[in-house]
Amino acid sequence: MIEKYLKELLSQAAEIEIRRSEIAEHFGVVPSQINYVIKTRFTLPKGFEVESKRGGGGYIRIVRIQYSDAHDFLMDILNKMPEKMTVSMAQDLMQLMFNEKIVTEHEGNLLLATLSHPVVTDLQRAILLTSMIHRLDKMD
């Protein structure tokens, strides 16, 4: 019921701010149950970001993430990405992302300049690319 209520609020706005104690009182539950619902139902993989501020004036902010049109494409890349990535693999991936109009030529070249630097290891390259793809998938 709590999840349904919060999702209804989120269907009307991309971002909501709630007070844990007020929601708990509304549903006749303890505040820790609100925490549980938020931590299990409003996660990043499910398309939500959660921010909380504790204290007397505290709140919980839930934001529904808006994904780009290329969401499925980018998630497919992430699911197939190896733990380590060579410079050559990164170049191929940047070319593919350029071909699919995910990045511009300028953006791709900037990313490649970072990813192909000699101090970046194959493991670090894969981690950086994963982070970059997650960011490219979010719309501002």
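**Exercise 1. Find what share of the contacts in the protein chain between residues at least 6 apart in sequence join residues at least 24 apart.**

Solution. Begin with the term: a contact means heavy atoms within 4.5 Å. Among contacts in the protein chain between residues at least 6 apart in sequence, the share that joins residues at least 24 apart is 57%. The structure is a predicted model, in which local features need pLDDT of at least 70, side-chain atom pairs count only at pLDDT 80 or more, and totals for chains, interfaces and linings use all residues. Residues are numbered from 1 along each chain as its sequence is written, and side-chain values use heavy atoms, with hydrogens and water left out.

**Exercise 2. Describe how the protein chain is divided into domains.**

Solution. Domain 1 covers 1-64 and domain 2 covers 67-139, with bounds that come from an automatic or database domain assignment. Taken over C-alpha atoms, the centres of domain 1 and domain 2 are separated by 33 Å.

**Exercise 3. Set the radius of gyration of the protein chain beside that of a compact globule of 140 residues.**

Solution. The radius is taken over C-alpha atoms, and the globule rule is 2.2 Å times the number of residues to the power 0.38. The rule gives a value near 14 Å for 140 residues, but the protein chain has 20 Å. Along the principal axes, the C-alpha atoms of the protein chain fill a box of roughly 55 × 30 × 25 Å.

**Exercise 4. State what part of the protein chain is buried and what area the chain exposes.**

Solution. Buried residues (under 20% relative accessible area, with a 1.4 Å probe and protein chains only) make up 32% of the 140 residues. The protein chain exposes about 9200 Å², of which carbon and sulfur atoms supply 53%, by the Shrake-Rupley method with a 1.4 Å probe.

Note on methods: Buried means under 20% relative accessible area, exposed over 50%, partly exposed in between (1.4 Å probe, protein chains only).
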